[in-house]
Amino acid sequence: MAQSPAGIGAVSHARQPAVTLATPVCRFEDFLGAAGADRLLEDACRAQLEHLTAVHGQVARIPSRWVSPERVLRAPGLAEAVRSLSAVVQDMLGIAAPAGRMGYEFITRNHQSAEGREAEPVTRACVEPTGSENDRAVSFVYTLHRRPREFTGGGLRVYDTTVRDGYPACAESFREIRPDHDTLTFFPAAAWRRTQWVSCPSGQLMDSHFSFEGWLA
């Protein structure tokens with residue numbers, strides 16, 4: 001199933017017009033299918049355990065947040081499936097990614113305490129951590145988890161855009177995407193986004209929140 005909601009609304013505040021542009025989102029459920037998604041999840045967890053063991057030995061603990069770049073953990077099947085949707089997604093979002101490039105990271109979230117519940121900041125894929133801009137046009141997040149789900153939280157918040165001091169800015173309004181297994185979500189790389197706090201009481205790797213988070217340019 002794909003959804004592409006978008007719209008423009010305006011409200012008045014202190015006699016100054018506050019314009020909000022709703023961020024368009026395309027969401028595909030059951031993206032790889034049960035067998036493909038389960039196989040990818042098993043392969044990703046195996047690769048993570050091998051990496052942690054190689055670095056920290058047999059006593060390696062599951063970190064609360066672990067990020068693997070594409071060069072460490074490759075998912076060619078997922079990459080090919082994402083590329084197959086690239087053209088239609090660009091049309092639906094109204095955004096061009098002319099370079100035909102793609103990149104992604106695999107992220108595991110496994111928090112066991114309430115400390116630092118707002119640890120993940122609001123970010124934009126089109127802006128580097130240094131503050132410089134890049135040419136990324138479209139962001140995507142592909143979510144995986146064990147069934148039944150053993151964590152709480154983990155919703156993807158995609159914020160709308162407003163205007164402050166004549167420049168685009170992050171609005172207070174947002175769309176929260178449920179962290180459903182085998183679900184792929186596309187949205188503009190210029191959009192502000194945040195993954196909500198994940199609570200995983202068991203601390204077991206397979207009970208974590210997993211996602212491939214990437215971009216098209």
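How many bridges join E4 to E5, and in which sense do these strands run? Five bridges join the two strands, which run antiparallel. The model described here is predicted, and this report follows its central sheet, three buried residues and the spaces enclosed by the fold.

## The six-stranded sheet

The strands are arranged in the order E3-E10-E6-E13-E5-E4, forming an open sheet of six strands with antiparallel pairing. E3 and strand E4 (65-69) occupy the edges; each has a single partner strand, so one side of each is left without a neighbour in the sheet. On average, neighbouring strands of this sheet are turned by 20° against each other, direction ignored. Strands of a sheet pair through backbone hydrogen bonds, in either a parallel or an antiparallel sense.

Three of the antiparallel pairings are set out below, each with one pair of residues that stand opposite one another.

| Strand pair | Bridges | Residues standing opposite |
|---|---|---|
| E4 and E5 | five bridges | Ser68 and Phe106 |
| E5 and E13 | eight bridges | Thr108 and Phe210 |
| E6 and E10 | six bridges | Val138 and Pro188 |

Strand E5 takes part in two of these rows, pairing with E4 and with E13. Strand E5 is also mostly covered, with seven of its eight residues buried.

Helix H2 (residues 76-93) lies across five strands, namely E3, strand E5 (102-109), E6, E10 and strand E13 (209-216). Its direction makes an angle of about 45° with E10.

## Three buried residues

Tyr142 belongs to strand E6. Its relative accessibility is 0%, and Tyr142 therefore counts as buried, the cut-off being under 20%. Beyond residues up to four places away in sequence, Tyr142 touches Phe31, Leu32, Ala37, Leu40, Leu78, Asp182, Thr183, Leu184, Phe210, Ser211 and Phe212. With Asp182, the contact includes a polar one: the two side chains are joined at 2.6 Å. Leu78 is also among the residues touched; although Leu78 and Tyr142 are 64 residues apart in sequence, their C-alpha atoms are 9.0 Å apart in space.

Ser68 is located in strand E4, which is one of the edge strands. Is Ser68 buried or exposed? With 1% relative accessibility, Ser68 falls under the 20% limit and so counts as buried. Leaving aside residues up to four places away in sequence, Ser68 touches Leu73, Glu105 and Phe106. Of these, Phe106 is the residue of E5 that stands opposite Ser68. For Leu73, a polar atom of the Ser68 side chain lies 3.5 Å from the backbone nitrogen.

Thr23 is found outside the strands, in the loop between strand E2 (16-22) and strand E3 (26-28). At 6% relative accessibility, Thr23 is likewise classed as buried. A polar atom of its side chain lies 2.7 Å from the backbone oxygen of Tyr159.

## Pocket and cavities

Which residues lie closest to the centre of the largest pocket? The pocket holds about 570 Å³ of space. Of its 24 lining residues, Arg65, Glu105, Thr123, Arg193 and Glu213 are the closest to the centre. At least two lining residues are supplied by each of E5, strand E11 (193-195) and E13. The greatest contribution comes from E5, with five residues. Glu105, one of the residues closest to the pocket centre, is also among the contacts of the buried Ser68.

The model also contains two cavities of 30 Å³ or more. The largest of them has about 80 Å³ of space. Its lining consists of 13 residues, and those nearest its centre are Val141, Thr143, Gly154, Leu156 and Pro179. E6, E10 and E13 are the elements that give two or more residues to this lining. Here E13 gives the most, with three residues.

Strand E13 thus appears in the lining of the largest pocket and in that of the largest cavity. The same strand pairs with E5 over eight bridges, and E5 gives the most residues to the lining of the largest pocket.

Technical notes. Residues numbered from 1 in each chain as written. Predicted model: local features only at pLDDT ≥ 70, side-chain atom pairs only at ≥ 80, totals over all residues. Heavy atoms only, no water. Helix = DSSP H or I, 4+ residues; strand = E, 2+ residues; numbered from the N terminus. Buried < 20%, exposed > 50% of the residue type's maximum accessible area, 1.4 Å probe, protein only. Polar contact = N/O pair within 3.5 Å; in protein donor to acceptor, adjacent residues only side chain to side chain. Pairing = 2+ DSSP bridges. Axes fitted to C-alpha atoms, helices over the stretch in contact; angles between N-to-C directions. Contact = heavy atoms within 4.5 Å. 1 Å grid on protein atoms, 1.4 Å probe; cavity = no way out; pocket = protein on both sides within 12 Å on 5 of 7 lines; lining within 4 Å. Points joined across faces, edges and corners; volume = space filled by probe spheres on them.
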